[in-house]
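Student: Could you take me through one part of this protein in detail? I would like a close look at the pocket and what surrounds it.

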Amino acid sequence: MKRKLYSVARLFVAIALVSLAACTPEQTDYFQDPGRGDKVNAMQEIDFDIKVVVKNNTYKVIFAKHNLTQKGLTAKESDLGAFYAWAALDTWYKYYVYSSGDSILSDVAFKDDKPGGYVPANAQYYVLNSDSITGSYALYNNEHRLRVLDIERDDVAQHILGADWQIPTLEMWEKLFSATSGCNCEWVDINGVYGCKVTKKGVPGYMFLPAAGKFVGQRGYEAGKTGNYWTCELNGEDIEMANTFCFYQEETSSDPLLVVMDGKEYRHVGMPIRPVRLVHVEEQ
């Protein structure tokens, strides 16, 4: 009897070892960091040692390596992802088609409650006047003095991914691409999609930002040519616009140059989201 119990015990140990060996790094890394949550794994984020100060506390900015979708992050780093208007928690189309080498996102089908696509009348918090033509924003305007998205109510990255994920501020983008960050940025083609590849000496791997373009009205423009990414902040000069981070390839007489710049775009325009999460430095 004792001999039989010993054999059973060894069998359970063997099964446990086999189960652990079968787990991939992606599977075992899902629940190791509460701030990452259960929709992003360790292989889908990268730490470039970029720091920001928020309310007198220092945080490290961890970037997702994929764009946002309604279900989480894209399957591949070169996937364009979903397109959102500023403060919107859902896309306004049912689907779109992107063909490599074509700068237009074609075969777009818009949702029944979003006629016209990415136009002001469909924008979050936009209220039409009695003429049904003009209108204004009922929130994030001069009256309410809100300049940054309410992370719990209007931040789509937080809404979908949860945990500590959010839409980055303009400062976070600027610090990543600043001359002092130590990051190298280049225009590359990955899986037939052009975009910006970010690397840093001493940091394993890289981050790829697809040049996904943007949706205006019922058409997607500049896919494969320009990268446009939302921030969580309104533009300081025009409340109908929000700050963006942009990049594109500029052809010159010599070598092509990657141009990186701060931008702004109307809040009703559809653009991709690259989520980030903040880690308090003292907690590491």
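Tutor: Happy to! A word on terms before we start: helices and strands here are DSSP runs, numbered from the N terminus. Please keep in mind that this is a predicted model. The largest pocket has a volume of about 450 Å³. It is lined by 20 residues, and the closest to its centre are Val-54, Ile-151, Gln-166, Met-172 and Leu-278. At least two lining residues each come from strand 1 (45–54), strand 7 (165–166), helix 4 (170–176) and strand 13 (226–234). Strand 1 gives the largest share, with three residues. Sorted by class, the lining holds 12 nonpolar, five charged and three polar residues.

Now to the aromatic pairs, of which the structure holds 21. One of them joins Trp-92 and Tyr-118, stacked at 4.8 Å centre to centre with 20 degrees between the planes. Trp-92 counts as buried because its relative accessibility, 3%, is under the 20% cut-off. Helix 4 returns in another stacked pair: Trp-173 and Phe-245 lie 4.5 Å apart, centre to centre, with 0 degrees between the planes. This pair links distant parts of the chain, with Trp-173 in helix 4 and Phe-245 in strand 14 (residues 241–250), 72 residues apart. Both partners are buried: Trp-173 has a relative accessible area of 0%, and Phe-245 has 2% relative accessibility. Ring pairs also tie Trp-173 and Phe-245 into a cluster with Phe-63, Phe-177, Trp-187, Tyr-194, Tyr-229 and Phe-247.

Key. Residues are numbered from 1 along each chain as its sequence is written. This is a predicted model: local features need pLDDT of at least 70, side-chain atom pairs count only at pLDDT 80 or more; totals for chains, interfaces and linings use all residues. Side-chain values use heavy atoms; hydrogens and water are left out. On a 1 Å grid over the protein atoms alone, a cavity is a set of points where a 1.4 Å probe fits but cannot get out, and a pocket is an open set with protein on both sides within 12 Å along at least five of seven lines; lining residues have an atom within 4 Å of a point. Grid points are joined across faces, edges and corners, and a volume is the space filled by probe spheres set on the points. Helices (H or I, at least four residues) and strands (E, at least two) are DSSP runs, numbered from the N terminus. Ala, Val, Leu, Ile, Met, Phe, Trp, Tyr, Cys and Pro count as nonpolar, Asp, Glu, Lys and Arg as charged, and the others, Gly among them, as polar. Rings of Phe, Tyr and Trp (its six-membered ring) pair if their centres lie within 6.5 Å; planes under 30 degrees apart count as stacked, over 60 as edge-to-face and the rest as tilted. Buried means under 20% relative accessible area, exposed over 50%, partly exposed in between (1.4 Å probe, protein chains only).
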